[in-house]
Amino acid sequence: MAMSITELERSLRALRLSGMGATLQARALAVASHEMDFVEAFSWLIQDELDRRRSRLLDRRYTLSGLEERKDLKDFDWGYNPTTPKRAVLELATLKFVDAREDALLIGKPGTGKSHIAKALALIAVNRGYKVLYREAHQLIEDINEARELGEIRKLRAQFKTAELLVIDDLFLRKLPPNAGDELADVLMSRYEKLSTVITSNRILDDWAKLLGDAVVVAPLLDRLMHHGHLLKFEGKSWRLKEAAARIAKRGSTE
């Protein structure tokens, strides 16, 4: 006995074919109105299911990455700071550096787009199926310290060792605890020549030893980062100041 549309939808949900269930009525109507034959409509139903599954997989990867906003390179205003290393950024966007297990350091003044680009690279990697982990630097150290207290440091280390791309954002934006240098070195040393890491910072490399409090740790750390690394320098005006000025101007025009 033939099933009704409602029964078919219920059965598709039971079979975990929600993508097909969501478009069943539309595809059935196309067949009934002779816009499609059965095979064409069935082909589209299968594609609908594949699209739904891919979308859910990407959403799950995005959630697991730790990213909290979807930044895109197409939204970046390259003209605002003409000295922005556009060519180098677009080369990183190919993700060849991830396949080659290389690292990238994005260094420069606050507000010049480093975090936007790092998040955009992370999103590109997520969409292409790479396992990505994004953390602001202070949060990374807090996660490590908490994992040690809870006896879960091995589990956290496993996450660092399986993420094909690790993004450590805003290093030195906040003051780090005394153990930060050792912890950061431990993470990065374990990934050297095995997995890729992107780090953004508003402090020049010469300052890192002083800020991490251990020149003995920092020297080999930077040596490894730069061995197969890409150094991108960001200069110019602050995006945040531009946006703040725009908000003030807009507010003034409405008063």
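This is a guided walk through the structure above, from its core to its surface and its charged pairs. Keep in mind that the model is predicted.

Let us begin on the inside. In soluble globular proteins, nonpolar side chains tend to be buried together. Here, the largest nonpolar core has 30 residues. If you want to find its best-connected members, look for Leu73, Leu106, Ile117, Leu165 and Val198, which have the most contacts inside this core. Several elements each give two or more residues to the core: the helices H4, H5 (96–99) and H6, together with the strands S1 (103–108), S2 (132–136), S3 (165–171) and S5 (229–234). Which of the elements gives the largest share? That is H6, with nine residues.

Strand S1 has another residue worth a visit, Asp103. With a relative accessible area of 6%, Asp103 is buried, because buried means under 20%. Asp103 also shows how folding can bring together residues that are far apart in sequence: His228 is 125 residues away along the chain, yet the C-alpha atoms of the two residues are separated by 6.4 Å.

Now compare that with Val39, a residue of helix H3. Val39 and Leu15 are 24 residues apart in sequence, and 21 Å lie between their C-alpha atoms. Is Val39 buried or exposed? Its relative accessible area is 57%, so Val39 counts as exposed. Val39 has company on the surface, too: Phe38, Val39, Phe42, Ile46 and Leu50 make a nonpolar surface patch of about 510 Å².

Next come the charges. Side chains of opposite charge can pair when their charged atoms come close. How many salt bridges does the structure hold? There are 10 salt bridges in the structure, and three of them make good stops on our tour.

The first stop is the pair Asp48 and Arg27, whose side chains meet in a salt bridge with an N to O distance of 3.0 Å. This pair links distant parts of the chain, since Asp48 sits in helix H3 (residues 38–65) and Arg27 in helix H2 (residues 18–32), 21 residues apart. Both partners are covered: Asp48 is buried at 11% relative accessible area, and Arg27 is buried as well, at 18%.

The second stop is Arg70 with Asp59, a salt bridge in which the closest N and O atoms are 3.6 Å apart. Arg70 belongs to the loop between H3 and helix H4 (86–92), while Asp59 is in helix H3, so the pair links distant parts of the chain, 11 residues apart. Here the partners are partly exposed, with a relative accessible area of 48% for Arg70 and 38% for Asp59.

The third stop is Glu69 with Lys119, whose side chains meet in a salt bridge at 2.5 Å, N to O. Glu69 is in the loop between H3 and H4, and Lys119 is in helix H6 (residues 114–127), 50 residues apart. What is the relative accessibility of Glu69? The value is 34%, which makes Glu69 partly exposed, whereas Lys119 is buried at 12%. The story of this pair goes on, for Glu69, Lys71 and Lys119 are linked in a network of salt bridges.

Some charged residues gather with others of like charge instead. Glu142, Glu146, Glu149 and Glu152 form a negative surface patch. One of them, Glu152, lies in the loop between helix H7 (137–150) and helix H8 (153–162). At 39% relative accessibility, Glu152 counts as partly exposed.

Our last topic is the backbone. Most residues other than glycine have a negative phi, and most peptide bonds are trans. Which value does phi of Arg16 have? Phi of Arg16 is near 60°, a positive value in a residue other than glycine. Arg16 lies in the loop between helix H1 (5–14) and H2, and it is exposed, with a relative accessible area of 70%. Arg101 also has a positive phi, near 60°. You can find Arg101 in the loop between H5 and S1, where it is partly exposed at 44% relative accessibility.

Technical notes. Residues numbered from 1 in each chain as written. Predicted model: local features only at pLDDT ≥ 70, side-chain atom pairs only at ≥ 80, totals over all residues. Heavy atoms only, no water. Salt bridge = Lys/Arg side-chain N within 4 Å of Asp/Glu carboxyl O. Helix = DSSP H or I, 4+ residues; strand = E, 2+ residues; numbered from the N terminus. Buried < 20%, exposed > 50% of the residue type's maximum accessible area, 1.4 Å probe, protein only. Patch = residues over 30% accessible without salt bridge, like charges linked within 9 Å, V, L, I, M, F, W, Y side chains within 5 Å. Areas by Shrake-Rupley, 256 points an atom, 1.4 Å probe, with all protein chains shown as cover. Lys, Arg positive; Asp, Glu negative; His and termini not counted. Charge placed at Lys NZ, Arg CZ, Asp CG, Glu CD. Core = buried A, V, L, I, M, F, W, Y, C linked by side-chain atoms within 4.5 Å.
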